[in-house]
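These entries record what I looked up in one protein structure. They are written for a reader who has not seen it before.

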Amino acid sequence: MRIRIVDAFTDRPFTGNPAGVLLLDHDAFPEDSRLQSVALEVNHAETAFTHRLPEGGDADWALRWFTPVAEVAMCGHATLATAHVLRTTGAHPGPVRFATLSGVLVATPHEDGSLTLDFPTAPLTPIEVPDGVAEALGAEPLTTFDTGPNTGDLLIEVADEKTVRGLAPDHRALARYSERGIIATARADDPSQGYDFVSRCFFPNLGIDEDPVTGSAHTALAPYWSERLGRPGLTGLQASPRSGLVRTELRDDRTLLTGHAVTVIEGELLV
């Protein structure tokens, strides 16, 4: 099998979020233990496995995502990376429908090379700030929301962009507060820089202390900031060391996520 490493939510190599992508040459997934072993070997935040589905169904390709330690129900950047590989290799150049654990997700390519993902909007439920989370995160939460079953995160707004950028959390302590992890966010200090809000994402329960750019987190960030800023279309900067931009558009119970991707490595899986 060919294996590719793709940097997602960026138009420059060595930035954004790297994902492994494997286009399987048969019509079924290998056993889960093999998928998990490959994901551990790739050792990026996510590795995506996809195979073609029979024509005439609700979806064109089946898609699954694995971190180095577990399968996940939703992943934005590895979906973007997979759609990029399908388009650039000619395997599926037009809009593609993926059958996933989160339902059918659609990726649409554009002439400028970007792709738009159509994902379910995360339901936000306000909750009391859990005891100890401020100490584990290293900042005082202004608001705290549960993001629902697809992502399983806590969304926490903090004072400002400087606070988000300066976070140095206790990752082990953070692990006890949500199923997947913590999304820390704040309004952009200067929207003229090309983004409306900032975020960082910490997922120690999935073996990812900090995820570089998290598409699925923006299904919660989009409704949160669209309500506060009064606009359905926004741009988020994920302020990790690698950094990346995600354009979001809220459409009721769906969130559109738009970004670029760059293939940086291509090789062959020998075993």
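**Entry 1: Loops with positive phi**

I began with Phe14, which counts as exposed at 64% relative accessibility. I noted at the outset that the model is predicted. I located Phe14 in the loop between strand 1 (2–8) and strand 2 (17–23). I then looked up its backbone: the phi of Phe14 is near 70 degrees, a positive value in a residue other than glycine.

I turned next to Ser243, which is likewise not a glycine and has a positive phi of about 65 degrees. Ser243 sits in the loop between strand 15 (233–238) and strand 16 (244–251). Its relative accessibility is 24%, so I entered Ser243 as partly exposed.

**Entry 2: Helix 6**

How many of the 12 residues of helix 6 are buried? I found that helix 6 (residues 218–229) is mostly covered, with 9 of its 12 residues buried. I listed the buried residues of helix 6 as His218, Thr219, Ala220, Leu221, Ala222, Pro223, Tyr224, Trp225 and Ser226. After helix 6 comes Gly230, and I noted its positive phi, near 75 degrees.

**Entry 3: The hairpin of strands 13 and 14**

I examined strand 13 (residues 197–203) and strand 14, which run antiparallel and are joined by 2 bridges. In this pairing, Cys201 stands opposite Asp211 of strand 14. The hairpin has 4 residues between the strands, and Gly207 takes a positive phi near 75 degrees there.

**Entry 4: Cysteines**

I searched for disulfides and found 0 in the structure. Cys75 is in no disulfide, and the nearest cysteine sulfur, that of Cys201, is 11 Å away. Why does Cys201 form no bond with Cys75? The sulfur of Cys201 is 11 Å from that of Cys75, its closest cysteine sulfur, and this is too far for a bond; a disulfide needs the two sulfur atoms within 2.5 Å. I also checked the accessibility of each cysteine. Cys75 counts as buried at 3% relative accessibility, and Cys201 is buried with a relative accessible area of 0%.

**Entry 5: The cavity**

I looked for enclosed space and recorded 1 cavity of 30 Å³ or more. The largest cavity holds about 70 Å³ of space. It is lined by 13 residues, of which Glu46, Arg180, Phe203, Asp211 and Thr214 are the closest to its centre. Asp211 I had already met opposite Cys201 in the hairpin.

Which elements each supply at least two residues of the lining? I found helix 2 (76–89) and strand 14 (208–211) to do so. By residue class, I divided the lining of the largest cavity into 5 nonpolar, 5 polar and 3 charged residues.

**Entry 6: Salt bridges**

I recorded 13 salt bridges in the structure, and I followed several of them.

I took Asp32 and Arg64 as a starting pair; their side chains meet in a salt bridge of 2.9 Å, N to O. This pair links distant parts of the chain, with Asp32 in helix 1 (residues 32–42) and Arg64 in strand 4 (residues 61–66), 32 residues apart. Are these partners buried or exposed? Asp32 counts as partly exposed at 42% relative accessibility, whereas Arg64 is buried with a relative accessible area of 15%.

Arg64 also forms a salt bridge with Glu71, the closest N and O atoms being 2.8 Å apart. I entered Glu71 as partly exposed, at 30% relative accessibility.

I then returned to Arg180, one of the residues closest to the centre of the largest cavity. Arg180 forms a salt bridge with Asp153, and their closest N and O atoms are 2.6 Å apart. This pair also links distant parts of the chain: Asp153 lies in strand 11 (residues 153–157) and Arg180 in the loop between helix 5 (171–174) and strand 12 (181–187), 27 residues apart. Asp153 counts as buried at 0% relative accessibility, and Arg180 counts as buried at 8%. I applied a cut-off here: buried means under 20% relative accessible area.

Finally, I noted one network in which salt bridges that share partners join Arg2, Arg4 and Glu266.

Key: Residues numbered from 1 in each chain as written. Predicted model: local features only at pLDDT ≥ 70, side-chain atom pairs only at ≥ 80, totals over all residues. Heavy atoms only, no water. 1 Å grid on protein atoms, 1.4 Å probe; cavity = no way out; pocket = protein on both sides within 12 Å on 5 of 7 lines; lining within 4 Å. Points joined across faces, edges and corners; volume = space filled by probe spheres on them. Nonpolar A, V, L, I, M, F, W, Y, C, P; charged D, E, K, R; others polar. Pairing = 2+ DSSP bridges. Salt bridge = Lys/Arg side-chain N within 4 Å of Asp/Glu carboxyl O. Buried < 20%, exposed > 50% of the residue type's maximum accessible area, 1.4 Å probe, protein only.
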